[in-house]
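The following briefing is intended for a reader who has the sequence and the coordinates at hand. It proceeds by topic, beginning with a loop residue and ending with the chain as a whole.

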Amino acid sequence: MVTKHYVVTYAFLSFLALLGGIVPMAISGRIYLSVVIVVLLVAALMPALLIWLLRKMGYPIGRPVTCPRCAVEMPLFRKPRTMNQALWGGYRCANCGTDMDARGRQLEAGTPR
Ligand SMILES: [Zn+2]
């Protein structure tokens, strides 16, 4: 199922792939058509592959995370409260204050996050 989360994640990864391919060429000042085509292909296909892989690993990439207690959907873009959250993801429900990890599982009270 394609959600807005999926589209945003896809676009973001695609953008990263484009940047990674185009910037070195722009800096060196040499643009090769064959390289541009490969970069475009990677930018088009890599996100789908990466999202699929991360989902296989259990990460809810491209899917909305909902609160385990009150089922409120977490915002697409979050502001990390701690270093741990910035690195590993995780949310605090704006509705009931429940802390959860990047997969939307409730954290035990007192878990250092
Ligand atoms: Zn909640």
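Ala-71 is found in the loop between α2 and α3. In this predicted model, the phi angle of Ala-71 is near 65°, a positive value in a residue other than glycine. Ala-71 has a relative accessible area of 56% and is therefore classed as exposed, since that class begins over 50%. The points below take up the zinc site, the charged pairs and the overall form of the chain.

**Zinc site**

- Four sulfur donors coordinate the zinc ion: the SG atoms of Cys-67, Cys-70, Cys-93 and Cys-96, at 2.2 to 2.3 Å.
- The geometry of the site is tetrahedral, the angles among the 4 donor atoms being 105 to 116°.
- Along the sequence, the donor residues follow the spacing C-x2-C-x22-C-x2-C.
- Cys-70 belongs to the loop between α2 and α3 and Cys-93 to the loop between β1 (91-92) and β2, so this pair ties together parts of the chain that are 23 residues apart in sequence.
- Cys-70 has a relative accessible area of 28% and is partly exposed, because this value lies between the 20% and 50% limits.
- Cys-93, by contrast, is buried, with a relative accessible area of 3%.

**Glu-73 and its salt bridge with Lys-4**

- Glu-73 is located in the loop between α2 (33-56) and α3 (83-88).
- With a relative accessible area of 42%, Glu-73 is partly exposed.
- Beyond its neighbours within four places in sequence, Glu-73 is in contact with Lys-4, His-5, Pro-64, Val-65 and Thr-66.
- One of these residues, Lys-4, forms a salt bridge with Glu-73 through their side chains, at 3.9 Å from N to O.
- The Lys-4 and Glu-73 pair links distant parts of the chain, as Lys-4 is in helix α1 (residues 4-28) and Glu-73 is in the loop between α2 and α3, 69 residues apart.
- Lys-4 counts as exposed at 52% relative accessibility.
- The C-alpha atoms of Glu-73 and Ala-43 are separated by 29 Å, while the two residues lie 30 residues apart along the chain.

**Asp-101 and its partners**

- Asp-101 occupies the segment after β2 (99-100).
- Why does Asp-101 count as buried? Its relative accessibility is 9%, and the buried class covers values under 20%.
- The side chain of Asp-101 reaches two backbone nitrogens: that of Arg-103 at 2.9 Å, and that of Arg-105 at 2.9 Å.
- A salt bridge also joins the side chains of Arg-105 and Asp-101, with an N to O distance of 3.0 Å.
- Arg-105 is partly exposed, with a relative accessible area of 47%, whereas Asp-101 is buried.

**Salt bridges in the chain**

- Side chains of opposite charge can pair when their charged atoms come close.
- How many salt bridges does the count come to? The count comes to 3 salt bridges.
- Among them is the pairing of the Arg-92 and Asp-99 side chains, at 2.8 Å from N to O.
- Arg-92 is partly exposed, with a relative accessible area of 43%.

**Overall form of the chain**

- The secondary structure consists of 3 helices and 2 strands, which follow the pattern α-α-α-β-β along the sequence.
- The chain has a radius of gyration of 18 Å, whereas a compact globule of 113 residues would have one near 13 Å.
- The C-alpha trace spans about 55 × 30 × 20 Å along its principal axes.
- Of the 113 residues in the chain, 27% are buried.
- Where contacts join residues at least 6 apart in sequence, 52% of them join residues at least 24 apart.

Key: Residues are numbered from 1 along each chain as its sequence is written. This is a predicted model: local features need pLDDT of at least 70, side-chain atom pairs count only at pLDDT 80 or more; totals for chains, interfaces and linings use all residues. Side-chain values use heavy atoms; hydrogens and water are left out. Helices (H or I, at least four residues) and strands (E, at least two) are DSSP runs, numbered from the N terminus. Buried means under 20% relative accessible area, exposed over 50%, partly exposed in between (1.4 Å probe, protein chains only). Contact means heavy atoms within 4.5 Å. A polar contact is a pair of N or O atoms within 3.5 Å; within protein, one must be able to donate a hydrogen and the other to accept it, and residues adjacent in sequence count only if both atoms are side-chain atoms. Donors are N, O and S atoms within 2.8 Å of the metal (3.2 Å for Na, K and Ca); water is not among the atoms, so sites may look incomplete. Four donors count as tetrahedral if all angles lie between 85 and 135 degrees; four count as square planar and six as octahedral if opposite donors are over 155 degrees apart and all others between 65 and 115; anything else is irregular. A salt bridge is a side-chain nitrogen of Lys or Arg within 4 Å of a carboxyl oxygen of Asp or Glu. The radius of gyration is taken over C-alpha atoms; the globule rule is 2.2 Å times the number of residues to the power 0.38.
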